[in-house]
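Student: Can we go through this one together? I'd like to start with the overall picture and then look at the packing.

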Amino acid sequence: MVQTSPSAAPSERKARLEVLTLSTLGFTLMFAVWLMFGVLGVPIRKEFGLNDVQLSWLSAVAILNGSIWRLAAGILADRYGGKVIFTAMLFLTAIPAFLVAHVSSYQTLLFYAFLVGFAGNAFSVGIAWNSAWFPKDQQGLALGVFGAGNVGASVTKFIGPALIALTPAAGYLGGVIPGGWRFVPFLYGILLILMGLAMWVFTPRADRRPGRGRPLGEMLRPLRNVRVWRFSLYYVVVFGAYVALSAWLPKYYVDVFGLPLYQAALLTALFIFPASLLRPLGGYLSDRFGARRVMYWTFGTLLFSSWLLSMPDGHIVLYLPSKYEADGMREVLPYTMTVWPFTLLVFLVGVAMGVGKAAVYKHIPEYFPSDVGAVGGLVGMLGALGGFFLPPLFAYTQTVTGMPQTTFMVLFALTLVSAIWMHLTVISLLNKAAPQLKGKFEHVEHGGD
């Protein structure tokens, strides 16, 4: 991969800024398209008479298709350049967006929802593209800024209801421009085309292609490294769970706290915003203090928050002699997880995920500088697939236990496994670096304090 110093020529800095700006805007739009059915589902359910299971599949198939091509997309970006691949993806995604806007049956809508979900694969393209343009000491921040495009998950939540209300159901120009909920995917189709044109015109003509001329087998070889799969598990925790909770939390607020849907959606945004917008901060901290240290902070915060969130309302029971209590029991320290403490803890989960997502991807160009596309694609693919599989797991554990808090028990368990694996790896690395100190916890340092 081509690396340049921070003191690069103005033309070099300008090219980097163009790549970062256009790729971030493009990713924000693609992410909004990818998750648009979370908001459009209510009017879609009413029009087609869907049940909750049928409705859930619209988002599920879009998330699935936005996951499975990330490895291939990353490899193509390394080989042919991020500019070509990202621009092509924008144009291709516009086609099913227009088709969704004119669909007439649920089965056809399900198929088009799968196709439009292809937008989610833009992430691995942008990661590979920006990694090729930025030097090592700036990659954490650059990838964090790009990844903040996750905030696109909230775009439809804010503009969708207003657009649906403002456009007549019959649309405009005799239905050529559809109205109601259909206007949203139609508008996204227009924006995707405009974004593709802007990306092609305003990014550097001579792109960087670190995988050019390399055999496919050589580009895939790093995937044999267990470290890649460990990074993937980290990303399931900080991104897969983020996608899953973005879809699950509105339902949780409604079912557990009895809030109306619009309030539940707004409170969910308090989770989405830090989980998206703090990604640049995570990149900066990873550049400054190291990605591994940031991951310790991330896992620690997630374990603390998810542990408290997983505890249902209750109290502590003390068993006392009968001379103190007639029935031998006293209930003390009653606690109730009301909506605001819950929201605060969910906000902390979002902060940890936002910072942690950048830290995971800071590892990749450090360990695999010539294979960011392949490794980043696999990590992104498995992380996004976590967003597909975790909601059913949330539902299953809740059905078995009867407790909605099991959502956060699942998150706690997943985080704990990841944290233990990372810590054992760190201990192993330290033991290899200084085998003479293995097991010597009381080793006396000479010099200093």
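Tutor: What follows goes from the whole chain to helix pairs and then to single residues.

Student: Fine. What kind of model is it, and how many helices and strands does the chain have?

Tutor: It is a predicted model. The chain has 18 helices and two strands.

Student: How much of the chain is buried?

Tutor: Buried residues make up 52% of the 449 residues.

Student: And what share of the contacts comes from residues 24 or more positions apart?

Tutor: Counting contacts with a separation of 6 or more, 81% are between residues 24 or more positions apart.

Student: On to packing. At what angle do H5 and H7 pack?

Tutor: About 160 degrees, with the axes 9 Å apart. H5 covers residues 82-101 and H7 covers residues 122-133.

Student: So are they roughly parallel or roughly antiparallel?

Tutor: Roughly antiparallel, because angles over 145 degrees count that way.

Student: Left-handed or right-handed crossing?

Tutor: H5 passes H7 in a left-handed crossing. On the H5 side the contact uses Gly82, Lys83, Ile85, Phe86 and Met89, and on the H7 side Ala122, Val125, Gly126 and Trp129. By type, those residues are six nonpolar, two polar and one charged.

Student: Which way does H1 run against H7, roughly parallel or antiparallel?

Tutor: H1, residues 10-34, crosses H7 at roughly 170 degrees, and their axes come within 10 Å. That makes H1 roughly antiparallel to H7.

Student: Which residues meet there?

Tutor: From H1, they are Glu12, Ala15, Arg16, Val19, Leu20, Ser23, Phe27 and Met30. From H7, they are Ala122, Phe123, Trp129, Asn130 and Trp133. The contact of H1 with H7 divides into nine nonpolar, two polar and two charged residues.

Student: Glu12 is in that list. Is Glu12 buried or exposed?

Tutor: Glu12, in helix H1, has a relative accessible area of 13% and is buried. The C-alpha atoms of Glu12 and Phe134 are separated by 9.7 Å, although the two residues are 122 apart along the chain.

Student: Trp129 and Phe86 came up too. Which residues does Met199 touch?

Tutor: Leaving out residues up to four places away in sequence, Met199 touches Leu22, Ser23, Gly26, Lys83, Phe86, Thr87, Leu90 and Trp129. Met199 is found in helix H10 and counts as buried, at 0% relative accessibility.

Student: How far is Met199 from Phe86, C-alpha to C-alpha?

Tutor: 8.3 Å in space, with their positions 113 residues apart in sequence.

Student: Where is Arg214 found?

Tutor: In the loop between helix H10 and helix H11. Arg214 is buried as well, with a relative accessible area of 14%. Its C-alpha is 9.7 Å from that of Asp78, and the two are 136 residues apart in sequence.

Student: Changing topic: how many residues of H16 are buried?

Tutor: 21 of its 29 residues, and the helix is mostly covered. H16 reaches 42 Å from its first C-alpha to its last, close to the 42 Å expected at 1.5 Å a residue.

Student: And which helix comes within 9 Å of H16?

Tutor: H8, residues 136-147; its axis crosses that of H16, residues 339-367, at roughly 145 degrees. H8 passes H16 in a right-handed crossing. The contact is made by Lys136, Gln139, Gly140, Leu143 and Gly144 of H8, with Ala358, Tyr361, Lys362, Pro365 and Glu366 of H16. Four of these residues are nonpolar, three polar and three charged.

Student: His363 lies in H16 as well. What does His363 touch?

Tutor: Phe231, Ala291, Arg292 and Met295, not counting residues up to four places away in sequence. His363 is buried, with a relative accessible area of 4%.

Student: Which residues of H15 are buried?

Tutor: Ala291, Val294, Met295, Thr298, Phe299, Leu302, Leu303, Ser305, Ser306, Leu308 and Leu309. H15 has 19 residues, 291-309, and reaches 26 Å from its first C-alpha to its last, close to the 27 Å expected.

Conventions
Residues are numbered from 1 along each chain as its sequence is written. This is a predicted model: local features need pLDDT of at least 70, side-chain atom pairs count only at pLDDT 80 or more; totals for chains, interfaces and linings use all residues. Side-chain values use heavy atoms; hydrogens and water are left out. Axes are lines fitted to C-alpha atoms, for helices over the stretch in contact, and angles run from 0 to 180 degrees between N-to-C directions. Helices (H or I, at least four residues) and strands (E, at least two) are DSSP runs, numbered from the N terminus. A crossing is left-handed if the near helix is turned anticlockwise from the far one by less than a right angle, and right-handed if clockwise. Contact means heavy atoms within 4.5 Å. Ala, Val, Leu, Ile, Met, Phe, Trp, Tyr, Cys and Pro count as nonpolar, Asp, Glu, Lys and Arg as charged, and the others, Gly among them, as polar. The expected span of a helix is 1.5 Å times one less than its number of residues. Buried means under 20% relative accessible area, exposed over 50%, partly exposed in between (1.4 Å probe, protein chains only). Angles under 35 degrees count as roughly parallel, over 145 as roughly antiparallel, 65 to 115 as roughly perpendicular and the rest as oblique.
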